[in-house]
Amino acid sequence: MNMTVTESDIAGEHQRDVRAERQLTVWCPDWPVVAAATELGLSLQLPLAVFDHGEVFACSAMARVEGVRRGMRRRDASARCPELTVLERNEASEIRTFENVLSAIEEISAGVSPVRPGLCTLRVPSRFYGGEKEAAAVVAEHLVAAGIWDFRMGIADGIFAAEHAARRAAPQDCWIIPPSGSAAFLAVLPIGVVENAELVTLLRRLGIRSLGDFAALAVRDVHTRFGREGAMLHRLARGLDNRPVVSRRPPLDMDQRVSFAPALETVEPIVFSARQTADRLVAELAHHGLVCTEVRIEVVTEGGWTGSRVWAHSRWFAASDLIDRIYWQLQGDPAPEPVCELRLLPESVESLADHGEGLWGSALTEHVERGIARLQGMLGPEEVLAPALQGGRSPRDRQLLNPWSERRPIQRNPGLPWPGSIPPPAPARVFSTPLPSVVLSEDRRPVKVTSRGQVTPAPAFVSIGEDSELIPVDAWAGPWPIDELWWDQAQARQVARFQVTSVDGSAWLLVVENDQWWTEARYD
Amino acid sequence: MAMVAGTSQAGEWIAIVGAPDLGLEAAAGFGIDLERTVVVPHPGELWLSVTAGLLDVATLVIVKPPVPVSAQQAERLKSRLRIKDAALVCWGEWPRADATLTIIESSWLGLGQGYGRLTARRVIVSVRQGGPVRRIPLWLPGVDQQIVERDDTVVPLPVARVG
């Protein structure tokens, strides 16, 4: 804690206190619930609760009537309200859905600043609309038109007061606090509204119950006792909220689409007509100094069928690359009906500065990219693959082949131990479909593995592949038993792997499942 | 694969054509950098043009032709190799190759009757390159997953040029 406060510090703060800007705050109550319900298509009239780390984070009005409260455990909440629909918190979707609110406000006023999902603020556009009340009415009208029903607005000096004014307002209404009236309005609020749980408990124990009591303390005392954080909250309590409001830049809309009327059936004319759109997308991005490294191509048909796929580029998409991708997608994933619309949606956009060509020649990989694009044109995009390793137990699970230009994440982490996997060296040949095999004992009886992992009788002959001859076994090791996904009836597998060498020097990896032997790989 | 690893570690691109059952983990184990590897598992009838196309991209192409290679096809690829300064390793028969490596004897160590695991392999590779056939005994791989000549001196394999 910083205990030394200079006079100039405090004097400087006083100077900056002069004027807090008039702020219009829009508050959408229970936003996590609204966002989750919108995503899942649930009605807000149902009792819903969003949980975060096993505790109620937000709940709908219906659930609140039943007695569900924030911070409750799942069991308690369900006990109060048995028909409660439990939703998991999804911050990404909260931010995504709040975008609708922001863009609705941005239609009438620039400089909207999101505080958190469910709360945003803007400078009151009072002069243009002839007064604060009128401005709020216009905002309300636009929000309702955008399909947002439950919101409240507050106008005050500074965000803090405006937010609490909004909490007072009736739905779709605005609570206005006159200029320099913030201190008086805040004074009656309980101290609990300060968002610093530690400070709140301490102040309560000191006998300070309302923001007014807190505001009445001397600036210097607060500063020396509670540090900068405390001093900042003290300023808020006094209605001196001049935190700078950083307004956001509306996101650029880079999506391009081309419609066909009448709808087109064959691939060539679609690709030909898309050429201009692709050019336009690349030009539009370049105008903003951007390039696209990942693009989603959506194909929409007359009947409403939509084919969608994400394409990645190791450098960035030029118009001709986009045309190639459209062509491949239409060939690989043909539309069942005539196509009426094609959309190009840039998924990840990066600054051109990071991707520009060097002064002396360009990146080494460029000619590789070009050569591979040519091959993909010849064979189809699914035939040219990029290899990678991943986690898994069988040699086949441990490798991953992805189409070159498509980015698919590794499903299993290769860093984990994967008990039951065969130790190195790895087999040099891994059969894409295991070969059916036969393993026999000395007296030509089939070798079996009991559920306890016992091998009876010992293997002496093996035949790899269908109808191939029996080879005498030189040595063998195993079983490496694996009881995978035993909790899932449909996917459960109980297998055991063996390494076998034959007298001719070849080594094999065999697997037995339900008394049927397969050869998975060959060591050579 | 062991032959290719040296090239890959030197930062060159590798391409593998027509070998859908090649073990990628083993490839990585031998030192091939999968980040700089292109795989075309099923080129079908186009294997010759795919290989030629990949020679533009990669310095070393491993190819397993689905059909016997004619002398004429081999000659066409060879002229291309000369221009591109690349190498081709063929898994199978190749007419008039510069060098041919064959494993003539191989035995795995580490397995018993129901215990142990595969750890190392002793091989004898016969190399035919112009002159008389040489026989080189090797650990492929050794117990420490390295490839070692069997009199226990570490000799990195020279990159063979076939084609």
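**Entry 1: a threonine in chain B**

I began with T59(B), which counts as buried because 20 C-beta neighbours lie inside 10 Å. The structure I am reading is a predicted model, so I treat each entry as a reading of that model. I then looked up where T59(B) sits, and found it in the loop between α3 (47-57) and β3 (60-63) of chain B. Setting aside residues up to four places away in sequence, I listed what T59(B) touches, and the list is T7(B), E12(B), W13(B), A86(B) and A87(B). I also checked G11(B), which is 48 residues from T59(B) along the chain, and the C-alpha atoms of the two are separated by 9.8 Å.

**Entry 2: A58(B) and the nonpolar cores**

I moved to A58(B), and, leaving aside neighbours within four places in sequence, I found A58(B) in contact with W13(B), I14(B), A15(B), V38(B) and A86(B). Which residues touch the most other members of the largest nonpolar core? That core has 72 residues, and I noted L510(A), A15(B), V17(B), V38(B), L54(B), A58(B) and V61(B) as the ones with the most such contacts. Apart from this core lies another, of 59 residues, and I wrote down L24(A), C81(A), I155(A) and L211(A) as being among its members.

**Entry 3: chain B as a whole**

I counted the secondary structure of chain B next, which comes to four helices and eight strands, and read along the sequence the pattern is α-β-α-β-α-β-α-β-β-β-β-β. Of the 163 residues of chain B, 35% count as buried. For contacts in chain B between residues at least 6 apart in sequence, I noted that 57% join residues at least 24 apart.

**Entry 4: the contact between the chains**

I looked up how the two chains meet, and the contact takes 38 residues from chain A and 39 residues from chain B. On the side of chain A that touches chain B, the elements that each supply at least two residues are α16 (365-379), β13 (385-389), β14 (399-403), β15 (429-440), β19 (471-484), β20 (493-502) and β22 (516-523). Which element gives the most to this side? I found that α16(A) does, with seven residues. By residue type, I recorded this side of chain A as 28 nonpolar, six polar and four charged. For the complex, the predictor gives an ipTM of 0.84 and a pTM of 0.52.

**Entry 5: the barrel in chain A**

I followed the strands of chain A and found six of them closing into a barrel in the order β15-β18-β19-β20-β21-β22, with antiparallel pairing. Neighbouring strands of this sheet are turned by 40 degrees against each other on average, with direction ignored. Within the barrel, I noted nine bridges joining β19(A) to β20(A), which run antiparallel, whereas β20(A) and β21 (residues 507-513) of chain A pair in the antiparallel sense over six bridges.

I then took Q499(A), a residue of β20(A), and found A477(A) opposite it, while in β21(A) the bridge partner of Q499(A) is L509(A). L510(A), noted above among the core residues with the most contacts, is in β21(A) and has F498(A) opposite it. The hairpin of β20(A) and β21(A) has four residues between the strands, and in this hairpin I noted that G505(A) takes a positive phi near 95 degrees.

**Entry 6: a helix of chain A, and chain A overall**

Why is helix α8 (residues 159-168) of chain A largely enclosed by the rest of the structure? I found that eight of its 10 residues are buried, so the enclosure follows from that count. The buried residues of α8(A) are I159(A), F160(A), A161(A), A162(A), E163(A), H164(A), A165(A) and A166(A). For chain A overall, I counted 16 helices and 22 strands, and buried residues make up 34% of its 524 residues.

**Entry 7: how far I trust the coordinates**

I checked confidence last, and chain A averages a pLDDT of 83, with 90% of the residues scoring at least 70. Over residues 1-18 of chain A the pLDDT is below 50, and beyond near neighbours in sequence this stretch has 13 contacts in the model. The mean pLDDT of chain B is 79, and 88% of its residues reach 70 or more. Among the elements of chain B, I found the lowest mean pLDDT (68) in strand β8 (residues 148-149) and the highest (89) in strand β1 (residues 14-17). Over residues 152-163 of chain B the pLDDT stays under 50, although the model has 31 contacts beyond four places in sequence for them. Where pLDDT is low, the predicted coordinates should not be read in detail.

Note on methods. Residues numbered from 1 in each chain as written. Chains lettered and ligands numbered in written order. Predicted model: local features only at pLDDT ≥ 70, side-chain atom pairs only at ≥ 80, totals over all residues. pLDDT = per-residue confidence, 0-100. Contact = placed C-beta atoms within 7 Å. Nonpolar A, V, L, I, M, F, W, Y, C, P; charged D, E, K, R; others polar. Pairing = 2+ DSSP bridges. Axes fitted to C-alpha atoms, helices over the stretch in contact; angles between N-to-C directions. Buried ≥ 20, exposed ≤ 12 C-beta atoms within 10 Å, placed from the backbone. Core = buried A, V, L, I, M, F, W, Y, C linked by C-beta atoms within 7 Å.
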